[in-house]
Structure formats: structure tokens, C-alpha cells
Amino acid sequence: MPEYRRRLPHFQPNNAYLFLTWRLWGSLPVKVDLTVYPTPGHAFLAHDRALDGRASGPLWLRGSRIADLVAQAILIGDGERHFYQLCAWAVMPNHVHMLILPAVPIPVLMRWLKGSTARSANRILGRTGQQFWQDESYDHYLRRSSQVDRTIAYIEENPVAAGLVCSAEHWPWSSAGWQAKPPAPPNLPALRPKM
């Protein structure tokens, strides 16, 4: 099981689905006491809900030009770069969720994904030499096949839970929204992954 370390340990087991979340620089919500939660999963959920409700800090991903840019990069990472098999994704106003089956080490794909989108987004925003993404990302590999459908539902329903839309299919920057728009972009799996 390969491991790499930044501030947090990151494990990448072979042939395991990986749930990734990363956020904009400066979008960290007001202090959320993660020690009061019984499991890391509960702590993540509390942190994610705080991100969803965040009204201050950068919300650059709510603009369609930048959200489209990130969505296209996610699709390119699957279809052209073959860095992963993409299962589900959602671009939220200040963070991104993805469920993938990685084909390359996570540091490689995240360096490409964050680096290419940060440069282009900063160009759109007229910014130079400023951070766009937070350095650290959250990753969680799925230990059981029963977690795949639940994680896909969590990701695709995140815009609904955040009050951005009333139905997941109405959020254009997610796998649910892209699949709802005929024709779906090529290389986006229309079916759930087979376990």
C-alpha cells in the first residue's frame, strides 16, 4: 500500500476507489472542532457541511467560467490523460469532490489537476502569483464495495444538501448534471462502477 505524507498521511491501496476532496485557498470555515466526532467520517461530514454553508472567503467556483474549467479538467483526467476511472464528481462554489479508481499516484494527478486549473483560473480572475487551491487534499479510500453507491450519492447530492439546487440533475458542474444533459460528454461513465 503506497503512502505519501504532507501534513496528513495519505494511503493509496491498489485497485481501491478513492474519494477526494479539495478546496480553494482561504476557504477554510470558521474553526470546526473535529475532535468531538466519533469517527473521522463524521468529522469530515461536519467540515464539508461547514464548507457548504460558507458565505465568506473565495467562492470562485460558483462562476461558470471557472467551474466549467475545473469540470473539463476532471473529465480530461479520465478520458484523455487516463489518470483515473471517474465515477462521480461535483464542483461546489469553494471545493470539489471526486470518486475515482486511480491509475497513477495521487500526487501526480493532483499536481496536474490543481496546477493546470489554478493557472487558468488565476488568468481568468486577473490574478498572478497567488494561491488558488489549498495545498492539502482530503482523501479516503473505500474499504468495501457497499461504500461506492453511498459515496456517489453523497457527491452528487452535495449541491442539493448545500441548498444550491432542488435536484442533483440541475447542478451543471457534477456527474449527475452532466449525465442529465443529453448528450453526455464522452468518456463520462453513464453507469455506476462494477464491483
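**Exercise 1.** Locate Met92 between its neighbouring strands, and decide whether Met92 is buried or exposed.

*Solution.* Met92 sits in the loop that joins strand S4 (84–91) to strand S5 (95–102). Strands here are DSSP runs of E with at least two residues, helices are runs of H or I with at least four, and both are numbered from the N terminus. The structure is a predicted model, in which local features need pLDDT of at least 70 and side-chain atom pairs count only at pLDDT 80 or more, while totals for chains, interfaces and linings use all residues. Residues are numbered from 1 along each chain as its sequence is written, and side-chain values use heavy atoms, with hydrogens and water left out.

Next, take the relative accessible area of Met92, which is 1%. Buried means under 20%, exposed over 50%, and partly exposed in between, with a 1.4 Å probe and protein chains only. Met92 is therefore buried. Its C-alpha lies 8.6 Å from that of Ser174, although the two are 82 residues apart in sequence.

**Exercise 2.** State the order of the elements and the share of buried residues in the protein.

*Solution.* First count: the protein has five helices and six strands. Then read from the N terminus: β-β-β-α-α-β-β-α-β-α-α. Of the 195 residues, 51% are buried.

Contacts come last; a contact means heavy atoms within 4.5 Å. Among contacts with a separation of 6 or more, 67% are between residues 24 or more positions apart.

**Exercise 3.** Check the lengths of helices H2 and H3 against the expected span.

*Solution.* The expected span is 1.5 Å times one less than the number of residues. Helix H2 (residues 64–79) has 16 residues and should span 22 Å; its end C-alpha atoms are 22 Å apart, so the values agree. Helix H3 (residues 106–125) has 20 residues and should span 28 Å; its end C-alpha atoms are 27 Å apart, which agrees. Just after H3, Gly126 has a positive phi of about 70°.

For H2, list buried residues too: among them are Ile66, Val70, Ala73, Ile74 and Gly77. An α-helix has 3.6 residues a turn, so residues three or four places apart point the same way.

**Exercise 4.** Classify the aromatic pair of Phe19 and Tyr138.

*Solution.* Rings of Phe, Tyr and Trp (its six-membered ring) pair if their centres lie within 6.5 Å; planes under 30 degrees apart count as stacked, over 60 as edge-to-face and the rest as tilted. The structure holds seven such pairs. For Phe19 and Tyr138 the centres are 6.5 Å apart and the planes stand at 80°, so the pair is edge-to-face. Phe19 belongs to strand S3 (residues 18–23) and Tyr138 to strand S6 (residues 138–141), so the pair ties together parts 119 residues apart in sequence. Phe19 is buried at 6% relative accessible area, whereas Tyr138 is partly exposed at 25%.

Phe132 and Trp133 also make an edge-to-face pair, with 5.0 Å between centres and 90° between planes. Both of these residues are buried. Ring pairs further join Trp22, Trp60, Phe132 and Trp133 into a cluster.

**Exercise 5.** Count the disulfides, and compare the accessibility of Cys87 and Cys166.

*Solution.* A disulfide is a pair of cysteine sulfur atoms within 2.5 Å. By this rule the count is zero. Cys87 is buried, at 5% relative accessibility, whereas Cys166 is exposed, at 70%.
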